[in-house]
Amino acid sequence: MPEPHVFLTRPLSERVMRGARESLPAELRVHAGIDGPPSRESLLEGSRGASGIITMLTEKIDEEVLEAAGPQLRVVANVAVGFDNIDVEAAGRRGVIVTNTPGVLDEATADLTLALILSIARRVVEADRFVRTGRPWIWGPQSFVGLDLSAGATLGIVGLGRIGMATARRAHAFGMKLLATGRRATSQEAVRLGVEAVNLEQLLARSDAVSLHCPLTRETRHLIGAQELATMRKGSYLINTARGPLVDEESLADALESGHLAGAGLDVHEYEPQVNERLRRMEQVVVLPHIGSAGAATRDAMGTMAVKNVAEVLLGRPPLTAVAL
Ligand code: NAP
């Protein structure tokens with residue numbers, strides 16, 4: 001039997017790699033490709049005989065991968081807070097611990113959420129594209145007029161968890177009124193920020209911008225479909241920095257095409273990495289390639305946390321951040 005190793009599915013920053021080599025009590029094997037995630041075959045091959053797998057959200061860690069790894073596998077560490085790419089139940093049945101990276105990416109993801117809200121409301125990307133056409137322009141009283149966030153605009157936060165709350169703090173500083181769903185919507189901090197706790201229907205009906213911050217689960221897939229979009233205010237915006245499949249993108253494209261919605265800001269996509277062709281062509285939609293946590297310090301913190309989780313489990317100690325079902 002070869003010695004168990006830890007399989008890392010993508011090279012991380014130099015700093016994280018150094019830390020991993022120093023702290024892991026097992027040989028570290030890294031998927032060699034720098035251009036993208038491992039193919040399914042490379043993932044199965046790399047996992048074979050591993051005691052730990054450090055994976056990105058792009059890899060599907062299911063029954064087949066767990067089976068290929070074998071009985072010595074003890075931990076799967078996701079370099080992400082969302083863990084919808086991992087079959088946690090299947091891992092649990094095999095006694096394999098699953099970990100994620102909560103907390104360290106809240107600020108970066110909330111920053112990007114505000115960047116999207118501002119981009120859509122103030123038409124930043126659209127105006128940039130206009131200037132780049134080279135067409136002559138001059139300041140105009142009605143040119144690129146958008147929504148003033150500070151003039152009583154309401155932000156609806158679906159899922160006032162860690163990232164939702166960090167978003168609420170920023171939106172509050174911009175002078176927005178806040179509505180939210182989730183248990184923390186009645187917490188002390190929420191009260192201090194003036195958050196009004198509402199149900200999803202009320203939130204959709206009363207918000208100028210709706211921002212999604214809940215995890216992707218069986219229950220939340222297509223949380224925002226045709227009916228929910230119809231409930232949203234005419235001329236409102238949808239922002240998604242959580243997970244693509246929360247939104248039925250074809251219905252979103254219909255709602256934007258009809259003019260019912262005024263814009264959308266999407267960091268994540270239903271069939272990632274594919275971007276909906278209709279949405280991609282719309283001037284009033286900003287599409288990003290899933291960069292919510294892409295701050296250098298944040299990415300280092302995520303990688304370091306994943307490495308620590310694996311090291312702790314392999315040393316026989318509880319991990320820092322196990323996923324609880
Ligand atoms: P969190 O602290 O666990 O907050 C999740 C929130 O969603 C809570 O308010 C929770 O409400 C709510 N929620 C849970 N199940 C729900 C359901 N079935 N319907 C409606 N709301 C539900 O999570 P977080 O750390 O803020 O992360 C949120 C998500 O952001 C992650 O799961 C991940 O998918 C995504 N994310 C994306 C990026 C990116 O790069 N774009 C980066 C980081 C995270 P309760 O409090 O009542 O349970």
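**Strand S6 and an aromatic pair**

In this predicted model, S6 and strand S9 (residues 209–212) pair in the parallel sense over four bridges.

Reader: What makes S6 and S9 count as paired strands?

Author: Pairing takes at least two bridges, and S6 and S9 have four, so they qualify. One spot to look at is Gly-156, which stands opposite Val-210 in S9.

Reader: And how do you know that S6 pairs with S7?

Author: Five bridges join S6 to S7 (residues 177–181), and the two run parallel. The cut-off is at least two bridges, so that's a pair as well. Here Thr-154 stands opposite Lys-177 in S7. To get from S6 to S7, the chain passes through helix H7 (residues 162–173), a right-handed β-α-β crossover.

Reader: Why is S6 called largely enclosed?

Author: Because five of its five residues are buried, with buried meaning under 20% relative accessible area. Thr-154, Gly-156 and Val-158 lie on one side, Leu-155 and Ile-157 on the other, and both faces are covered.

Reader: Now the aromatic pair: why is Phe-130 with Phe-144 called tilted?

Author: The ring centres are 5.4 Å apart, within the 6.5 Å limit, so the rings pair. Their planes make 55°; stacked needs under 30 degrees and edge-to-face over 60, so tilted is what's left. Phe-130 sits in helix H6 (residues 124–132), while Phe-144 is in the loop between H6 and S6, 14 residues apart.

Reader: What makes Phe-144 partly exposed?

Author: Phe-144 has 29% relative accessibility. Buried would be under 20% and exposed over 50%, so Phe-144 falls in between.

Methods: Residues numbered from 1 in each chain as written. Predicted model: local features only at pLDDT ≥ 70, side-chain atom pairs only at ≥ 80, totals over all residues. Heavy atoms only, no water. Phe/Tyr/Trp six-rings, centres within 6.5 Å; stacked < 30°, edge-to-face > 60°. Buried < 20%, exposed > 50% of the residue type's maximum accessible area, 1.4 Å probe, protein only. Right-handed = clockwise from strand over helix to strand, strands pointing away.
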